[in-house]
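User: I am new to this structure and would like a close look at one part, the place where the helices pack against each other. Could you walk me through it in a connected way?

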Amino acid sequence: MELSGLELHYLIGNINERLNAGYYVGSISSISRESFSLRMHHSSLPDIALVLSTKGLWITKMKFRSFQDSPIITNMKTQIERAKFESIEQIGDERIAYVNFRHLDGRVRILVAEFFRKGNVVICDENKTIIAILNPVEVRHRTLRTGLIYHPPPPRGINVFELSIRDLLELHKKEVDRDIEVEKWFGRNVSLSKKFIDEIVSRANMKHRKLKDTTNADMEMIFELTKGIIFDLSNPNKHSPLVVLDNEKRPSDVIPFRPDSIPSGIAVVSSGSLMEAVDTVMSHMLIQEATDARTINLESKITDLKHD
């Protein structure tokens, strides 16, 4: 499962609401190389367990044991522990979270978490100078390593929160490949995950329709449906979250509300909230990762014994 920018937008808002009452970082531990548990403490309220990983950011009811050390855990404990939580920010609809902390002496620390491709966790100071980084980056459009300023990647499409009908009509008019299917065209131009694009196109009855067979009125329908999806996902009262199960009945994905586009025969179970649904799926992924790591370690030890 990969969190979409829309789902991340809701999760960040929910976490901000719950932690803005004066929580600070009581302790940090690594769950794995790429996942961390932050025990958020308050003088008069119950502790909250926050998981931050290269896959997502969520509040959990689970208690995790560390099964693998992370190369940045020492720096994270030194730079973040005992700091007060200030806020989490998301730039546009990108799958990047900036978790801001402040120490009693005024020092600001920022945890940057990237939830795309291999993912990344970066510890920065108030100027976004990199103090420590999980996965150094050196590609054509940016370089990330200790001592440099953190920069996000270029946007991958139009920010869906800022999408206008004028944008959509202009993209429709300029598209050279008129034989492209609507869902592929929409996904290429708008920063929106596939499951939401499929839902919008399904509700519009335009699945597999060629762009050349669409009109301005069709674009207006897609625009209104897109805004409706954004509103529904931003409003907890509109949620009816479902956990999608794979063929072995294991949690594999989250759907914020029952979509028209869900294939028949897909097994789902209801969840009390979107945060709980994300916790169910993401925590299961971590548990499976731990199980796989222990299996590999055991097989390695057996192999070593055979060679002795």
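Analyst: Here is a walk through the helix packing, with a short look at the whole chain before it and at some strands after it.

This is a predicted model, in which local features need pLDDT of at least 70 and side-chain atom pairs count only at pLDDT 80 or more, while totals for chains, interfaces and linings use all residues. Residues are numbered from 1 along each chain as its sequence is written, and side-chain values use heavy atoms, with hydrogens and water left out.

Let us start with the whole chain. It has 7 helices and 14 strands; these are DSSP runs numbered from the N terminus, with at least four residues for a helix (H or I) and at least two for a strand (E). The radius of gyration is 21 Å, close to the 19 Å that the globule rule gives for 308 residues, so the chain is as compact as a globular protein of that length. (The radius is taken over C-alpha atoms, and the rule is 2.2 Å times the number of residues to the power 0.38.) Along the principal axes, the C-alpha atoms fill a box of roughly 65 × 50 × 45 Å.

Now to the helices. Two packed helices are described by the angle between their axes and the distance between the axes. Here axes are lines fitted to C-alpha atoms, for helices over the stretch in contact, and angles run from 0 to 180 degrees between N-to-C directions.

A good place to begin is helix H5 (residues 194-203), whose axis comes within 9 Å of that of helix H6 (residues 216-234) and crosses it at roughly 130 degrees. H5 and H6 are therefore oblique to each other; angles under 35 degrees count as roughly parallel, over 145 as roughly antiparallel, 65 to 115 as roughly perpendicular, and the rest as oblique. H5 passes H6 in a right-handed crossing, meaning that the near helix is turned clockwise from the far one by less than a right angle, whereas anticlockwise would be left-handed. On the H5 side, the contact (heavy atoms within 4.5 Å) is made by Phe196, Glu199, Ile200 and Arg203, and on the H6 side by Ile222, Leu225, Thr226, Ile229, Asp232 and Leu233. By class, this contact has 6 nonpolar, 1 polar and 3 charged residues. Ala, Val, Leu, Ile, Met, Phe, Trp, Tyr, Cys and Pro count as nonpolar, Asp, Glu, Lys and Arg as charged, and the others, Gly among them, as polar.

H5 also meets helix H4 (residues 182-189): their axes come within 10 Å and cross at roughly 135 degrees. H4 and H5 are therefore oblique as well, and their crossing is right-handed. Val182, Glu183, Phe186 and Gly187 in H4 meet Ile197, Ile200 and Val201 in H5. These residues divide into 5 nonpolar, 1 polar and 1 charged. Ile200 of H5 is thus a residue to look for twice, since it appears in the contact with H6 and in the one with H4.

H6 has a further partner in helix H3 (residues 165-174), with axes that come within 10 Å and cross at roughly 135 degrees. That makes H3 oblique to H6, and H3 passes H6 in a right-handed crossing. From H3, Ile165, Leu168, Leu169 and His172 meet Asn216, Met219, Glu220, Ile222 and Phe223 in H6. This contact has 6 nonpolar, 2 polar and 1 charged residues.

Further along the chain is an open sheet of 3 strands in the order E13-E12-E14, with antiparallel pairing; strands pair if DSSP finds at least two bridges between them. Its edge strands are E13 (251-255) and E14 (267-270), each pairing on one side only. E12 (residues 242-245) is joined to E13 by 4 bridges, and valine 244 stands opposite aspartate 253 in E13.
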